[in-house]
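Notebook open, model loaded. I want to go through the strands, the packing and the charged pairs, one entry at a time.

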Amino acid sequence: MWRAADIRSFNHGRARARLRARPNRAALVLLALFTGLMLCADASRPAFAQNDFFFFLRPPANVPRGNPQPQQRQQQQQQRPPQNSGWWPFQPQPDLLPPPPQQAKPQAPAEPTGVVYGSADAASQGKRVPPSQFVLVLGDRLAGQLAQGLADSYVPERQRIAIVDNTVDESGFLPTPVDWLTRLPDAIAAARPSVTVVALGSDDLQPIKDGDSQAEPLTERWNELYGKRVDEVLAALREKAGRVIVVGLAPVASGQLSDDYAKLNEILRARVARAGFTFANVWDGFVDEDGKYMANGPAVDGQRRRLRFNDGVRFTRAGGRKLAFFVQKDVNRMLEESAGAKAAPTPDATSGPARPAALAGAPTTGRDAPRPDAVQVSTSAMSAAKVLKDGVAPPPVRGRADDFTWPPPGAEPPVAPPAR
């Protein structure tokens, strides 16, 4: 006979068997969904592909029937638009949106190509209208880069102004290794300069022979001997070159050498002022706000560029143009003075120096007015030039709007109070 425990065990076994035989409802639902997706995708396929239910096992592309010729195949590809062959999990999907247009990068402006000549004859050779003014640059390696910077700056004026250089990289005011006192006459004669720019001193920090001993750089005795030598070179320039600009030294990467250059600039500045020449200070253009050496910085065009090479001494092409920027203002002024001295125009009411004089309110000449002498017209022209270029107001004229003297003209004199 069956015991109650055996009966219960038998019933539990049959229940577990029925559960194992029952199908998984979740699997059936997933299978139904997958089958529906396949049928929908098959309905969207072309007619020639709908007869194959297992299309998803084939490659995701329309396989052309037959073996057409290459030309026919190319024509079919051009004429037939791309068709969607149905859903395929590994098929790349076409781009629905066109790619954004690529913006062209702005091109940097072309660098100017100034030409530096070796003499005035070389600058005039082959030109229908030769230059009328020449700027001579004398000096060391700094002067050579300065000459190229000036040539780049004067590209629009190359038909009128030519840059001539006579430079030796390792040279200075001292007589060794190059004696500029003996070299100056030939250099000036070949250039016929209207303005002479001198850049020397980078290699002058060396001992100077003083009798049987030597004076060390930047000592009191050395400063005295060096100042005398600078005076001799400037005196020779005065006799031959006329209008002269002496360019100061620029800072370098070496802090100690920059400090020595700053002291040397003070000596040059004092000697140049004593000689009556112009000293061009370029130091501030190549240091940052803290006064430290700057290899990269704003250039003449306003963009931030590399100004110095990795050696910390030489200038790049952009640095040479910035170097020339601090000299060009004085060069332009002297070129105008030189052109005015050569032309010596006759003053007139409608042209020449009398025209800016009329704009500034100075008396001019005319048919109805008495003609002043040349000295008065020259004075009026100089005053007008100061107004228009330098912003210096002319002296007030009695009765004019800028005359603030009291009492005004035409006013009655004040009446004194009666005595008590």
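Below are my entries on what I looked up, bearing in mind that this is a predicted model.

**Entry 1: strand S2**

I started with S2, residues 133-139, and asked how many of its residues are buried. I got 7 of the 7, so the strand is largely enclosed by the rest of the structure. Next I sorted the side chains by direction. Gln133, Val135, Val137 and Gly139 point one way, while Phe134, Leu136 and Leu138 point the other way. That fits the textbook picture, since side chains in a regular strand alternate between the two faces of the sheet. Here both sets are buried.

**Entry 2: what S2 pairs with**

Which strands does S2 run parallel to? I found S3, residues 161-167, joined to S2 by 7 bridges, and S4, residues 195-199, joined to S2 by 5 bridges. For S4 I noted glycine 139 opposite alanine 199. For S3 I noted leucine 138 opposite asparagine 166. I then followed the chain from S2 to S3: it passes through helix H5, residues 141-153, and this β-α-β crossover is right-handed.

**Entry 3: nonpolar cores**

I looked up the largest nonpolar core and got 43 residues, with Tyr226, Leu234 and Leu237 having the most contacts inside it. Elements that each supply at least two residues include S2, S3, H4 (120-124) and H6 (180-191), and H7 (220-240), S7 (244-247) and H8 do too. H7 gives the largest share, 8 residues.

I checked tyrosine 226 in more detail, leaving aside its neighbours within four places in sequence. Its contacts include Phe173, Leu174, Gly201 and Asp204. Ile208, Leu264, Ile267 and Leu268 are on the list as well. There is also a second, separate core of 31 residues, with Leu146, Val282, Val331 and Met334 among them.

**Entry 4: arginine 271**

I wanted to know whether arginine 271 is buried or exposed. It sits in helix H8, residues 255-275, and counts as buried because its relative accessibility is 17%, with the cut-off at under 20%. So what does its side chain make a polar contact with? The partner is the side chain of aspartate 231, at 2.7 Å. Not counting residues up to four places away in sequence, arginine 271 touches Gly227, Val230, Asp231 and Leu234. I recognise Leu234 from the core entry, where it was listed for its contacts.

**Entry 5: salt bridges**

Side chains of opposite charge can pair when their charged atoms come close. I searched the whole structure and came away with 15 salt bridges.

I looked at aspartate 210 and arginine 221, whose closest N and O atoms are 2.8 Å apart. This pair links distant parts of the chain, S5 (residues 208-210) and helix H7, with the two positions 11 residues apart in numbering. Aspartate 210 is partly exposed at 23% relative accessibility, and arginine 221 is partly exposed at 33%.

Lysine 228 and glutamate 224 came next, with 3.9 Å between the closest N and O atoms. They are 4 residues apart in H7, so about one helical turn separates them. Both are partly exposed, lysine 228 at 46% and glutamate 224 at 36%. I then saw that Asp210, Arg221, Glu224 and Lys228 are linked in a network of salt bridges.

My last lookup was arginine 305 with aspartate 301, which meet at 2.7 Å, N to O. Arginine 305 counts as partly exposed at 22%, as does aspartate 301 at 39%.

Note on methods
Residues numbered from 1 in each chain as written. Predicted model: local features only at pLDDT ≥ 70, side-chain atom pairs only at ≥ 80, totals over all residues. Heavy atoms only, no water. Buried < 20%, exposed > 50% of the residue type's maximum accessible area, 1.4 Å probe, protein only. Pairing = 2+ DSSP bridges. Right-handed = clockwise from strand over helix to strand, strands pointing away. Polar contact = N/O pair within 3.5 Å; in protein donor to acceptor, adjacent residues only side chain to side chain. Contact = heavy atoms within 4.5 Å. Core = buried A, V, L, I, M, F, W, Y, C linked by side-chain atoms within 4.5 Å. Salt bridge = Lys/Arg side-chain N within 4 Å of Asp/Glu carboxyl O.
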